[in-house]
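Q: I should like to learn how to read the features of a protein model, one at a time. May we work through an example together?

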Amino acid sequence: MPRRIPLRMLGADAENAVAADAAAAPRGRYARLRRCSLWLLFAAFYLLPWLRWDGRQALRFDLPARRLDLFGLTLWSHDVGWLLLTLFAAAAALMLTTTLAGRVWCGFACPQSVWSHAFAWLERRFAAWPAAARHVVWAALALWTGISFVGYFAPIADLVARLRPFAWSGGETFWVLFYALATWGNAGFLRSQVCRYLCPYARLQPLLCDRDTPLIGYDAMRGEPRGARACGQGSIAQRGRRLLDAGTAHDYALRASIARLAGQGGQRGDALASYAGTLPKFTDAQLGDCVDCSACVDACPARIDLRNGPHYACTACGACVDACDRSMDSHGFAHGLLRWAGANAIERQPRRRLRPRLLAGFALLLAALLAALFAAG
Ligand code: SF4
Ligand code: SF4
């Protein structure tokens with residue numbers, strides 16, 4: 001039987017409050033961590049070319065002279081083997097870190113993530129300005145990034161001094177503009193699309209991670225079956241509802257995600273709807289702790305719903321965890337429905353210490369370090 005739904009008109013103040021909330025800076029543990037890493041990496045990137053060591057630029061690749069200055073150490077073209085082995089050791093260390101700690105590089109140190117967060121911050125900060133003004137601010141940061149990058153190859157003080165009157169060579173002008181444009185496009189527009197479609201490292205993740213690698217994961221045993229509920233319902237711990245077994249929890253999660261896909265309509269939607277229709281209706285007392293508020297998906301720069309399972313484009317930035325924690329707070333539930341943990345930990349399975357990927361990573365790193373030492377010796 002049709003039922004009246006009471007509506008309340010929001011005034012201008014309330015609308016402004018909603019808009020301000022949408023434009024507000026991300027909050028939470030992971031947002032703070034991202035901000036710290038952003039400032040550290042920005043400081044390192046923009047200040048390093050200005051640092052001097054023994055009267056020379058501390059870090060500079062002098063390509064015409066085939067010389068690399070590295071904090072007082074000078075490498076020449078015949079040292080390229082050693083340099084390549086050192087880079088290989090760094091790549092092995094990154095792979096090992098990924099197996100041990102998950103995608104910390106992607107979420108907190110990758111230039112694509114860091115500059116995307118910086119550009120998003122500028123976008124929020126200047127949201128009230130006309131779009132052209134925002135682009136001027138973006139362009140200024142992108143241009144300074146291009147100049148700093150070229151400053152690792154050409155003497156940066158001289159490069160900046162030759163800005164007025166303008167006396168850059170054609171090559172310098174091209175590379176500054178090239179890197180400025182790349183920064184502006186990647187961090188201003190493409191953002192997570194780069195991780196999703198262009199980054200080879202994202203595609204390598206399944207090879208590097210196992211069930212004990214901490215990733216951002218959803219605790220389906222606690223959260224399912226998901227659903228909105230009447231106010232005042234306690235969490236499963238408060239109600240004394242037991243955790244679901246892993247199989248049932250994943251089945252509910254799968255069918256809920258199919259139901260959502262089916263709801264999007266289209267030919268595939270019709271086909272899916274017949275399957276999703278078998279999802280039972282749950283009473284408030286049966287529901288898990290996921291209130292199905294979608295705050296995690298809304299907070300995600302790549303619009304990933306981790307309740308559907310791990311996703312290769314997830315950079316482990318933690319924005320969804322912060323959003324879910326806030327949602328849990330507003331319902332009086334404990335944090336951690338979405339959390340940084342391995343699949344075994346989330347499913348309450350025993351964790352393994354000696355894992356094949358870990359041992360392979362250690363062996364690769366050791367071999368690269370020994371080879372680099374041998375080449376240097
Ligand atoms: S799902 Fe999105 S918000 Fe959550 S960690 Fe991954 S990229 Fe970040
Ligand atoms: S934010 Fe948390 S409670 Fe809300 S839909 Fe996502 S997982 Fe569920």
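Q: By class, how many nonpolar, polar and charged residues does the shell around ligand 2 have?

A: Please note at the outset that this is a predicted model. The shell around ligand 2 is made up of 9 nonpolar, 2 polar and 3 charged residues.

Q: Which residues are the closest to ligand 2?

A: Of the 14 residues that surround ligand 2, the closest are Cys290, Cys293, Ala295, Cys296 and Cys324. Two elements give two or more residues to this shell, namely helix H15 (295–299) and helix H16 (319–331). H16 gives the most, with 3 residues.

Q: How should one read a backbone, and where are the cis peptide bonds?

A: In general, most residues other than glycine have a negative phi, and most peptide bonds are trans. In this model, the peptide bond from Arg164 to Pro165 is cis, with omega near -5°. Pro165 belongs to the loop between helix H7 (156–161) and helix H8 (170–190). A cis peptide bond also runs from Glu224 to Pro225, where omega is near -10°. Pro225 is placed in the loop that separates helix H11 (220–223) from helix H12 (236–239).

Q: What is the phi of Phe71, and is this residue buried or exposed?

A: Phe71 is not a glycine, yet its phi is positive, at about 50°. It sits in the loop between strand E4 (67–70) and strand E5 (73–76). A residue counts as exposed if 12 or fewer other C-beta atoms lie within 10 Å of its own. Phe71 has 11 C-beta neighbours inside 10 Å, and therefore counts as exposed.

Q: Is Arg191 buried or exposed?

A: The cut-off for a buried residue is 20 or more other C-beta atoms within 10 Å. Arg191 is buried because 20 other C-beta atoms lie within 10 Å. Its phi is also positive, near 45°, and Arg191 is found in the loop between H8 and helix H9 (192–198).

Q: Which domains does the assignment give for the protein chain?

A: The assignment gives domain 1 (27–57 + 103–208) and domain 2 (215–346). Their C-alpha centres lie 35 Å apart. The contact between them takes 19 residues from domain 1 and 14 residues from domain 2. On the side of domain 1 that touches domain 2, the elements giving two or more residues are helix H2 (29–47), helix H4 (104–109), H9 and helix H10 (200–208). By class, that side of domain 1 has 7 nonpolar, 5 polar and 7 charged residues.

Note on methods. Residues are numbered from 1 along each chain as its sequence is written. Chains are lettered from A and ligands numbered from 1 in the order in which they are written. This is a predicted model: local features need pLDDT of at least 70, side-chain atom pairs count only at pLDDT 80 or more; totals for chains, interfaces and linings use all residues. Helices (H or I, at least four residues) and strands (E, at least two) are DSSP runs, numbered from the N terminus. Domain bounds come from an automatic or database domain assignment. Two residues are in contact if their C-beta atoms, placed from the backbone, lie within 7 Å. Ala, Val, Leu, Ile, Met, Phe, Trp, Tyr, Cys and Pro count as nonpolar, Asp, Glu, Lys and Arg as charged, and the others, Gly among them, as polar. A residue is near a molecule or strand if its C-beta atom, placed from the backbone, lies within 6 Å of it.
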